[in-house]
Amino acid sequence: MKNSLIRHLDLLKRNGKKALAILFDPDKAAGMDINGLLEQIERYDVDMILVGGSLVKGNEIHDLIADIKEQSEKPVILFPGSPNQISDAADGILLLSLISGRNPELLIGRHVEAAPLLYQTDLEILPTGYMLIDSGAYTTAHYVSNTLPIPHDKPQIAVFTAMAGEMLGLKLIYMDGGSGAKRTVSEEMIRQVSEKLTIPLIVGGGIRSAEKAREIWAAGADIIVIGTAMESEGGENLIEKVSHVKRQFSLNGKER
Ligand code: 1GP
């Protein structure tokens, strides 16, 4: 089984380096300047492209990945809302178990459906403990998953949940305020969770500025995900600015 992406992310973490992921939701790609964004992604220090969303149809995913692959060498990783978003055109898949919720379908049910499909692909499987965190808005992810998010001001619940995920053998933890979150996961929650994890911590939801990216990385996130901010004008400049912040972390080592 492939493990080069996981190995790369582990190595970055061990060396105190940060990673940047840009998320494309195929549902919203029509109104976006994907070519312009891909130019910036190639030019600056983006580590990977995530593709997926809560409400995407299978063929949209496949077409978008084919377009990306024509223009970009970066690894493309599926961030699927459902098993119909599996595409062999990508390099890997975040196999998400929604460990913040108590919906058995999203803890293990969909994975059973997906397993025989994944077995036939060359995708690298990245087993990921996915945690939805209350972000001040009722997001599509909350609605579609039919689960309650972890309260924004209860870091200890997040810590214990993430620890359980790592103890179960998951390779990544992803704390997500949901797409377009009004507020990001708190620095305090990120700090407490990252202190207890040895596996890489991904944080996403509501990151719309280089300063916010810096705060989230400094609090202890290893990988940040930016999606919605790419849908508005200025997304291309944001890639340049955030990539500059990321480089500073690499030069300075751990900034915490
Ligand atoms: C959503 O974490 C991702 O699942 C990215 O969030 O779209 O708010 O950047 P945004």
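Which pocket is the space taken by the ligand? The space that the ligand takes is the largest pocket. The structure on the screen is a predicted model, and this tour moves from the ligand outward to the pockets.

**Stop 1: the ligand and its shell**

Begin by selecting the ligand. It is surrounded by 14 residues. Add the closest of them to the selection: Tyr174, Asp176, Gly180, Gly206 and Thr228. If the shell is coloured by class, five residues appear as nonpolar, eight as polar and one as charged.

**Stop 2: polar atoms beside the ligand**

Next, select serine 179, glycine 180 and glycine 205, and display their atoms together with the ligand. In serine 179, a polar side-chain atom lies 3.0 Å from an oxygen atom of the ligand. In glycine 180, by contrast, the atom to find belongs to the backbone: an N or O atom there lies 2.7 Å from a ligand oxygen atom. Glycine 205 also brings a backbone N or O atom to the ligand, at 3.2 Å from an oxygen atom. Now show the surface of the protein. On its own the ligand has 310 Å² of accessible area, and the protein covers 97% of this.

**Stop 3: the largest pocket**

Hide the ligand and turn to the space itself. The largest pocket has a volume of about 790 Å³. Its lining is made of 46 residues, and those closest to the centre of the pocket are Ser54, Phe79, Pro80, Gly81 and Tyr130. To see which elements contribute two or more residues to this lining, select the strands β4 (92-98), β5 (124-132), β6 (172-176) and β8 (223-226), then the helices α4 (104-119) and α5 (140-145). Strand β4 deserves a separate colour, for the largest share of the lining, six residues, comes from it. By class, the lining of the largest pocket holds 22 nonpolar, 17 polar and seven charged residues.

**Stop 4: the second largest pocket**

Where should the viewer be centred for the second largest pocket? Among its 13 lining residues, Met1, Lys2, Leu118, Leu123 and Ile125 are the closest to the centre. The volume of this pocket is about 320 Å³. Select α4 and β5, the elements that give two or more residues to its lining. Helix α4 supplies the largest share, three residues. The lining of the second largest pocket divides into eight nonpolar, two polar and three charged residues.

**Last view**

Finally, display both pockets together with α4 and β5. These two elements are among those that line the largest pocket, and they also contribute to the lining of the second largest pocket.

Terms used
Residues numbered from 1 in each chain as written. Predicted model: local features only at pLDDT ≥ 70, side-chain atom pairs only at ≥ 80, totals over all residues. Heavy atoms only, no water. Near = heavy atom within 4 Å. Polar contact = N/O pair within 3.5 Å; in protein donor to acceptor, adjacent residues only side chain to side chain. Areas by Shrake-Rupley, 256 points an atom, 1.4 Å probe, with all protein chains shown as cover. 1 Å grid on protein atoms, 1.4 Å probe; cavity = no way out; pocket = protein on both sides within 12 Å on 5 of 7 lines; lining within 4 Å. Sits in = over half its atoms within 2 Å of the grid points. Nonpolar A, V, L, I, M, F, W, Y, C, P; charged D, E, K, R; others polar. Points joined across faces, edges and corners; volume = space filled by probe spheres on them. Helix = DSSP H or I, 4+ residues; strand = E, 2+ residues; numbered from the N terminus.
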